[in-house]
Amino acid sequence: MSFDWVMIFRLVAAGFLGGLIGLEREFRAKEAGVRTHFIVALGSALFMIISEFAFDGKQHDAARVAAQVVSGIGFIGAGVIIFQRNVVRGVTTAAGLWVAAAIGLACGDGMYPVAIAASVLTVSCLEMMHFVNLHYSEKVVDMTLVPDKPYDLLSLPEKLKKQRVNVESYSISEGKIHLTLRLRQRDYLNTIKNLMDSLEGFNIEEMN
């Protein structure tokens with residue numbers, strides 16, 4: 001295989017492996033998907049190839065280019081991190097971009113086994129933790145309930161206890177009750193539905 005085709009294969013391998021991580025992120029409807037991870041891995045591989053072969057006969061340092069890729073990817077990663085309602089989102093996706101850049105560097109250097117192993121481990125970790133979170137973790141839900149008619153709001157916490165709902169906090173203001181519930185992740189929607197069925201005369205004004 002000619003030199004040019006070897007370099008092209010490295011780019012293809014980088015884009016493919018980075019895209020695998022992006023596919024998992026896109027399947028979970030996260031902030032960065034296949035295109036972003038593909039381009040990050042491909043670009044990192046290209047930088048590595050340029051740093052190694054574009055300066056023949058000149059003084060160069062491939063490690064310096066790799067270090068710049070590592071620091072530069074931080075700007076892209078920071079762009080997918082969102083702080084909303086006192087919750088930080090997108091950190092895992094940002095870390096996935098960081099790993100995609102590293103995989104791209106490995107492919108650009110021809111370290112295919114390392115790049116493949118890193119890709120498999122990353123996707124396996126993401127999928128495994130998604131399964132664990134879905135079946136065993138808890139979810140914090142904030143709700144605002146509004147009664148259809150005048151109602152003794154002070155009696156509501158007692159009714160919630162009878163439903164065996166884990167209420168972390170509640171407050172009453174302007175005729176509304178604000179609840180913070182801790183529910184099982186896998187069946188929290190059914191729990192909320194059963195809760196609302198038992199609390200006749202209440203509507204959900206807001207939930208997140």
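Strand 4 and strand 5 (residues 176–184) are joined by 6 bridges and run antiparallel. This pairing belongs to a predicted model, and it makes a good way into the rest of the fold. The two strands form a hairpin with 2 residues between them. In the turn sits Glu 174, whose phi is positive at about 55°. Two pairs help to fix the register by eye. Ser 169 has Thr 180 of strand 5 as its bridge partner, and Ser 171 stands opposite His 178, also in strand 5.

Strand 5 has another partner besides strand 4. Strand 3 pairs with strand 5 over 8 bridges, again in the antiparallel sense. Here Asp 142 has Thr 180 of strand 5 as its bridge partner. Thr 180 is therefore a handy landmark, being the bridge partner of Ser 169 as well as that of Asp 142.

Zooming out, the hairpin is part of an open sheet of 4 strands, in the order 4-5-3-6, with antiparallel pairing. Strand 4 (167–173) and strand 6 (202–207) are at the edges with a single partner strand each, so each has one side without a neighbour in the sheet. From one strand to the next, the twist averages 30°. Helix 7, covering residues 188–198, packs on this sheet and touches strand 3 (138–147), strand 5 and strand 6. The direction of helix 7 makes about 25° with that of strand 3. As for what holds such an arrangement together, strands of a sheet pair through backbone hydrogen bonds, either parallel or antiparallel.

The sheet is one part of a chain with 7 helices and 6 strands. Along the sequence, these elements come in the pattern α-α-α-β-β-α-α-β-α-β-β-α-β. The chain has 208 residues, and 33% of them count as buried. Its exposed area comes to about 13000 Å², with carbon and sulfur atoms supplying 60% of that. Among contacts between residues at least 6 apart in sequence, 67% join residues at least 24 apart.

Turning to charged side chains, the structure holds 2 salt bridges. One of them brings together the side chains of Arg 10 and Glu 52, at 4.0 Å from N to O. Arg 10 is in helix 1 (residues 3–27) and Glu 52 in helix 2 (residues 34–53), so this pair ties together parts of the chain that are 42 residues apart in sequence. Arg 10 has a relative accessible area of 12%, which puts it in the buried class. In the other salt bridge, Arg 25 pairs with Glu 24, and the closest N and O atoms are 2.8 Å apart. Both of these residues count as buried: Arg 25 has 6% relative accessibility, and Glu 24 has 5%.

Arg 25 also turns up around Ala 32, a residue in the loop between helix 1 and helix 2. Although Ala 32 sits in a loop, its relative accessibility is just 1%, so it counts as buried. Leaving out residues up to four places away in sequence, Ala 32 touches Arg 25, Glu 26, His 37, Val 80, Thr 93 and Leu 97. Of these, Thr 93 is 61 residues away along the chain, yet the C-alpha atoms of Ala 32 and Thr 93 are separated by 6.6 Å.

Helix 5 offers a view of both the inside and the surface. Thr 122 lies in this helix and is buried, with a relative accessible area of 16%. Neighbours within four places in sequence aside, Thr 122 is in contact with Ile 21 and Val 99. Val 132 is also part of helix 5, which spans residues 112–136, but Val 132 counts as partly exposed at 31% relative accessibility. Val 132 contributes to a nonpolar surface patch of about 510 Å², together with Met 128, Met 129, Phe 131 and Tyr 136.

Terms used. Residues are numbered from 1 along each chain as its sequence is written. This is a predicted model: local features need pLDDT of at least 70, side-chain atom pairs count only at pLDDT 80 or more; totals for chains, interfaces and linings use all residues. Side-chain values use heavy atoms; hydrogens and water are left out. Axes are lines fitted to C-alpha atoms, for helices over the stretch in contact, and angles run from 0 to 180 degrees between N-to-C directions. Contact means heavy atoms within 4.5 Å. Buried means under 20% relative accessible area, exposed over 50%, partly exposed in between (1.4 Å probe, protein chains only). Patches are made of residues with over 30% relative accessible area and no salt bridge: like charges are joined within 9 Å, nonpolar side chains (Val, Leu, Ile, Met, Phe, Trp, Tyr) within 5 Å. Accessible areas come from the Shrake-Rupley method with a 1.4 Å probe; for residues, only the protein chains shown count as cover.
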